Amino acid sequence: MKLGKAKSVYIDANTMTRQVLLYAPTRTSDGQGGYTTTFTLQSTVWGDLRPDNKSRAIDEPELQFDQRKRLYIRYGVTIQNDYEVEVENVRYTIHSIKDVENQHRFLELIIYR
């Protein structure tokens with residue numbers, strides 16, 4: 001399947017060579033009247049991880065670099081925006097999830113490190 005306006009990016013099941021671990025948030029009691037959020041492994045899928053534009057932001061106390069990437073996985077996986085993904089032993093948070101060209105074949109996840 002070719003993506004984008006110029007149709008220059010190719011994605012297929014053959015390009016999904018990276019193992020992706022999907023972690024779902026679970027709220028547990030901390031014993032003091034509050035809650036803590038832990039992440040438990042929901043499922044393991046194959047995906048295609050591609051680097052995206054790197055953004056650089058200056059916060060008041062420190063200089064911060066965010067690594068933005070695009071992750072493509074097969075459609076039909078139960079996933080939400082509050083999940084976390086792990087690719088090659090690096091944990092990412094999900095910014096957005098999009099059905100690629102509304103064809104119900106692939107999901108595009110914008111993820112940050």
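**Exercise 1. Secondary structure**

How many helices and how many strands does the chain have?

*Solution.* The model under study is a predicted one. Step one is to count the elements: the chain has zero helices and 10 strands. Step two is to read the elements in sequence order, which gives the pattern β-β-β-β-β-β-β-β-β-β.

**Exercise 2. The chain as a whole**

Determine what share of the residues is buried, and what share of the contacts with a separation of 6 or more comes from residues 24 or more positions apart.

*Solution.* First, consider burial: 31% of the 113 residues count as buried. Next, consider the contacts with a separation of 6 or more: residues 24 or more positions apart account for 52% of them.

**Exercise 3. A network of salt bridges**

The structure holds six salt bridges. Identify the partners of Glu-108 in the network that also includes Arg-70, and place them in the strands.

*Solution.* Begin with Arg-70. Glu-108 and Arg-70 form a salt bridge in which the closest N and O atoms are 2.9 Å apart. Glu-108 belongs to strand 10 (residues 106-112) and Arg-70 to strand 7 (residues 68-74), so this pair ties together parts that are 38 residues apart in sequence.

Continue with Lys-98. The side chains of Glu-108 and Lys-98 meet in a salt bridge of 3.2 Å, N to O. This pair links distant parts of the chain, with Glu-108 in strand 10 and Lys-98 in strand 9, 10 residues apart.

Then classify each residue by accessibility. Buried means under 20% relative accessible area; Glu-108, at 7% relative accessibility, therefore counts as buried. Arg-70 counts as partly exposed at 24%, and Lys-98 is partly exposed with a relative accessible area of 47%.

The result is a network of salt bridges that links Arg-70, Lys-98 and Glu-108.

**Exercise 4. Arginines over rings**

Over which ring does the charged end of Arg-91 sit, and with which residue does Arg-91 form a salt bridge?

*Solution.* The ring is that of Tyr-23, and the charged end of Arg-91 is 3.9 Å from its centre. The salt-bridge partner of Arg-91 is Glu-84, with the closest N and O atoms 3.0 Å apart. As to accessibility, Arg-91 is partly exposed at 35%, whereas Glu-84 is buried at 15%.

A further arginine can be treated in this way: the charged end of Arg-27 sits over the ring of Tyr-35, 4.3 Å from the ring centre. A search for pairs of aromatic rings, by contrast, returns zero in this structure.

**Exercise 5. A buried aspartate**

Locate Asp-99, and establish which side chain of opposite charge is nearest to Asp-99.

*Solution.* Asp-99 is placed in strand 9 (residues 90-99). Asp-99 is buried yet has no salt bridge. The nearest side chain of opposite charge is that of Arg-105, at 8.8 Å. A salt bridge requires a nitrogen-to-oxygen distance within 4 Å.

The next step is to look for other partners. The side chains of Asp-99 and His-104 are joined by a polar contact of 3.2 Å. Leaving aside neighbours within four places in sequence, Asp-99 is in contact with Tyr-75, His-104, Arg-105, Phe-106 and Leu-107.

How values were computed: Residues are numbered from 1 along each chain as its sequence is written. This is a predicted model: local features need pLDDT of at least 70, side-chain atom pairs count only at pLDDT 80 or more; totals for chains, interfaces and linings use all residues. Side-chain values use heavy atoms; hydrogens and water are left out. Helices (H or I, at least four residues) and strands (E, at least two) are DSSP runs, numbered from the N terminus. Buried means under 20% relative accessible area, exposed over 50%, partly exposed in between (1.4 Å probe, protein chains only). Lys and Arg count as positive and Asp and Glu as negative; His and the chain ends are not counted. A polar contact is a pair of N or O atoms within 3.5 Å; within protein, one must be able to donate a hydrogen and the other to accept it, and residues adjacent in sequence count only if both atoms are side-chain atoms. Contact means heavy atoms within 4.5 Å. Rings of Phe, Tyr and Trp (its six-membered ring) pair if their centres lie within 6.5 Å; planes under 30 degrees apart count as stacked, over 60 as edge-to-face and the rest as tilted. A charge sits over a ring if NZ of Lys or CZ of Arg is within 6 Å of the ring centre and within 35 degrees of the ring normal.
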